[in-house]
Amino acid sequence: MGLDQWDTAKTTPRLYSEKYYSPPYSIYIPTEGGWGVIYCKAPGTEYIPNGRVEFAFNNNNDIWKYQMEFFFRGDTPPGEAKWWPDNGYRVVIHLAEAYVIVYKITNGQFGNLGRHDMYPDIFDQLSPTEWNLLAITWWSHPSAHLVVKIEVKINDTWHLLCDDYANLLDAYTDKQYNRIGIRIDHYAGYNSLLIDNIWIYKAV
């Protein structure tokens, strides 16, 4: 997925041939002023109410030094990028302290839907210096609630990184846009992220 497939704010991504998961390059995402965000604008991704995203990421440092965030069902229109969508869901993956928090964003305000600690036996197999594979899946359950699953791939097998989020208030599928995005926060002097091998799935 090329650079032209992303809307950006506070970052100027570039192709990076010095370190990649699959040749010939990865996408290097630096922060500007403490944070950076990218929203996918590839054809067919402007409305993904239920889906899954898999990608490789590299901490690009010798210790975990940042907070990575993922957005889904974001209502930010294509061609725009902002700090957070006005409405949507925010998944905070705090690798420096090994926990996950999911927020529901309503008119720019955050509602905390719960913190889950990462499973130590799984987290300890991730590496701050090597490539790691992450997957986030979200869907509307038939009983009218939202489920969010966060996984990492170890030895060719997907494992839960933390407990699933279930029974969440299911919202925003009626919006014109349900976009996905990735954001990083400057943390402890760290200011960049590498991503590669991005796969986006939309439930049909």
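A strand here is a DSSP run of E that is at least two residues long, and strands are numbered from the N terminus. I wanted that settled before looking up E69, which is found in strand β6, residues 66–74. I also keep in mind that this is a predicted model.

**Entry: E69**

I started with E69 in β6. Is E69 buried or exposed? E69 counts as buried, because its relative accessibility is 0% and the cut-off for buried is under 20%. Next I looked for a polar partner and found W84: the side chains of E69 and W84 are joined by a polar contact of 3.2 Å. W84 also turns up in the list of residues that E69 touches, once residues up to four places away in sequence are set aside. The rest of that list reads R90, V91, V92, G181, I182, R183 and D185.

**Entry: the whole chain**

I stepped back to see what E69 sits in. How many helices and strands does the protein chain have? I get one helix and 15 strands. The radius of gyration is 16 Å, close to the 17 Å that the globule rule gives for 204 residues, so the chain is as compact as a globular protein of that length. Along the principal axes, the C-alpha atoms fill a box of roughly 45 × 40 × 30 Å.

I then checked burial for the chain, and 54% of the 204 residues are buried. For contacts between residues at least 6 apart in sequence, I noted that 67% join residues at least 24 apart. The exposed area is about 9,100 Å², with 48% of it supplied by carbon and sulfur atoms. On charge, I have 17 positive and 24 negative side chains down, and the centres of the two sets lie 5 Å apart.

**Entry: S140**

S140 is in strand β10, residues 131–141. I put S140 down as partly exposed because its relative accessibility is 28%, and partly exposed covers what lies between the 20% and 50% limits. Which side chains make polar contacts with the side chain of S140? One is R73, at 3.0 Å. Another is D170, at 2.7 Å. Both R73 and D170 are among the residues S140 touches beyond four places in sequence, along with N50, H145 and T173. I also took one distance: S140 and L169 are 29 residues apart in sequence, and their C-alpha atoms are 9.6 Å apart in space.

**Entry: H145**

H145 was on the S140 list, so I followed it up. H145 belongs to strand β11, which covers residues 145–154. With a relative accessible area of 12%, H145 is buried. The side chain of H145 makes a polar contact of 2.7 Å with the side chain of S143. Leaving out residues up to four places away in sequence, I have H145 touching W139, S140, A166, N167, L168 and D170. D170 is a name I had already written down for S140.

**Entry: K41**

Where is K41? K41 is in the loop between β4 (35–40) and β5 (51–58). I have K41 as partly exposed, because its relative accessibility comes to 38%. The side chains of K41 and D7 are joined by a polar contact of 3.4 Å. Apart from neighbours within four places in sequence, K41 is in contact with D4, Q5, W6, D7 and R179. As a long-range check I took Y119, which is 78 residues from K41 along the chain, and the C-alpha atoms are separated by 33 Å.

**Entry: backbone oddments**

I looked at some backbone angles last. P23 and P24 are joined by a cis peptide bond, with omega about 15 degrees. P24 is in the loop between β2 (14–16) and β3 (26–30).

N107 has a positive phi, near 50 degrees, in a residue other than glycine. N107 lies in the loop between β8 (99–106) and β9 (109–117) and is exposed, with a relative accessible area of 61%.

What is phi for D156? Phi is about 70 degrees, a positive value, although D156 is not a glycine. I placed D156 in the loop between β11 and β12 (157–160). At 71% relative accessibility, D156 counts as exposed.

Methods. Residues are numbered from 1 along each chain as its sequence is written. This is a predicted model: local features need pLDDT of at least 70, side-chain atom pairs count only at pLDDT 80 or more; totals for chains, interfaces and linings use all residues. Side-chain values use heavy atoms; hydrogens and water are left out. Helices (H or I, at least four residues) and strands (E, at least two) are DSSP runs, numbered from the N terminus. Buried means under 20% relative accessible area, exposed over 50%, partly exposed in between (1.4 Å probe, protein chains only). Contact means heavy atoms within 4.5 Å. A polar contact is a pair of N or O atoms within 3.5 Å; within protein, one must be able to donate a hydrogen and the other to accept it, and residues adjacent in sequence count only if both atoms are side-chain atoms. The radius of gyration is taken over C-alpha atoms; the globule rule is 2.2 Å times the number of residues to the power 0.38. Accessible areas come from the Shrake-Rupley method with a 1.4 Å probe; for residues, only the protein chains shown count as cover. Lys and Arg count as positive and Asp and Glu as negative; His and the chain ends are not counted. The place of a charge is taken as NZ of Lys, CZ of Arg, CG of Asp or CD of Glu.
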